Amino acid sequence: MKKGFIFDLDGVIVDTAKYHFLAWQNLANSLGISFSSAQNEQLKGVSRVRSLEKILEWGDKTISKEEFNRLMREKNEEYLDYISKMDTTEILPDVPKILDTLISKKQAIALGSASKNARVILEKVQLIDKFHAIVDGTNVSKAKPDPEVFLVGARQLNISPENCIVFEDSVAGIQAANTANMISIGIGDANTLHQADYIFKDFTEIKEEFINNLVSARKV
């Protein structure tokens with residue numbers, strides 16, 4: 001049975017979250033707003049626009065539309081500078097092994113990310129050829145927990161949502177997968193991702209037997 005395996009990018013395939021954190025922290029500090037790693041966790045899977053809105057809310061700041069757009073551009077330019085230096089060493093443990101296992105089993109693989117830089121990152125880490133479909137911030141308008149990104153991914157793979165499996169590291173992403181009626185697999189902290197159908201610390205914990213079970217399983 002052919003299934004659709006949809007992967008988030010940041011925190012699942014590569015750890016670009018650290019670069020987002022640095023760029024958002026610098027932006028917040030420039031506005032006199034303190035920005036913690038805990039607050040950064042709340043921006044995972046959230047669009048750039050909504051992330052800046054949340055930072056302004058936390059700092060009780062109001063700025064003009066022009067200033068808002070300028071800050072978004074500057075944040076993205078700083079982030080792009082970080083990712084321009086990325087290479088294959090940035091891939092998280094056992095991600096290539098899992099992708100190659102799925103390819104060997106002739107399964108369909110998609111990326112489902114809010115990032116508008118997803119293709120650039122996949123090219124930098126030399127994984128772009130592993131994906132049959134790439135859905136990113138340029139293809140969708142609704143941010144997770146809205147399921148749009150995963151539903152578009154399923155459609156591009158030509159596989160029904162109930163036959164798709166999502167790998168996510170954010171609460172919003174898990175909620176999006178569940179709303180889409182897909183099997184949700186959390187990658188990260190079990191307490192944070194408790195709404196997922198399955199949870200693993202990272203891909204090193206996922207065995208081939210589990211993949212085989214996913215291929216034959218159905219969302220209940």
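Trainee: How many bridges join strand β4 to strand β5?
Mentor: Keep in mind that this is a predicted model, where local features need pLDDT of at least 70, side-chain atom pairs count only at pLDDT 80 or more, and totals for chains, interfaces and linings use all residues. Residues are numbered from 1 along each chain as its sequence is written, and side-chain values use heavy atoms, leaving out hydrogens and water. Strands are DSSP E runs of at least two residues, helices are H or I runs of at least four, and both are numbered from the N terminus. β4 spans residues 164-168, β5 spans residues 183-187, they run parallel, and the number of bridges joining them is four.

Trainee: Which residue of β5 is the bridge partner of Ile165?
Mentor: Go to the parallel pair β4 and β5 again. Opposite Ile165, the bridge partner in β5 is Ile183.

Trainee: What is the strand order in the open sheet?
Mentor: Two strands pair if DSSP finds at least two bridges between them. The edges are β3 (133-135) and β6 (198-200), each pairing on one side only. With parallel pairing across six strands, the order is β3-β2-β1-β4-β5-β6.

Trainee: At what angle does helix α7 run to β3?
Mentor: Angles run from 0 to 180 degrees between N-to-C directions, with axes fitted to C-alpha atoms, for helices over the stretch in contact (heavy atoms within 4.5 Å). By that scheme the sheet's twist averages 20° from one strand to the next. α7 (residues 148-157) lies across β1, β2, β3 and β4, and to β3 it runs at about 160°.

Trainee: Which element gives the most to the lining of the largest pocket?
Mentor: A pocket is an open set of points on a 1 Å grid over the protein atoms alone, where a 1.4 Å probe fits, with protein on both sides within 12 Å along at least five of seven lines; lining residues have an atom within 4 Å of a point. This pocket holds about 630 Å³ (the space filled by probe spheres on points joined across faces, edges and corners). Its lining has 33 residues, with Val46, Ser47, Arg48, Ala114 and Ser115 closest to the centre. Giving four residues, the top contributor is α4.

Trainee: Which residues are closest to the centre of the second largest pocket?
Mentor: That pocket has about 190 Å³ of space. From its 13 lining residues, the closest to the centre are Glu41, Lys44, Asp169, Ser170 and Thr192.

Trainee: Which residues does the cis peptide bond join?
Mentor: Most residues other than glycine have a negative phi, and most peptide bonds are trans. Asp60, in the loop between α3 and α4, has a positive phi near 55°. As for the cis bond, Pro145 lies in the loop between β3 and α7. Omega is about 20° there, and the residues joined are Lys144 and Pro145.

Trainee: What is the radius of gyration of the protein?
Mentor: The fold has nine helices and six strands. The globule rule (2.2 Å times the number of residues to the power 0.38, with the radius taken over C-alpha atoms) gives 17 Å for 220 residues. The protein's value is close to that, so it is as compact as a globular protein of that length, at 17 Å.
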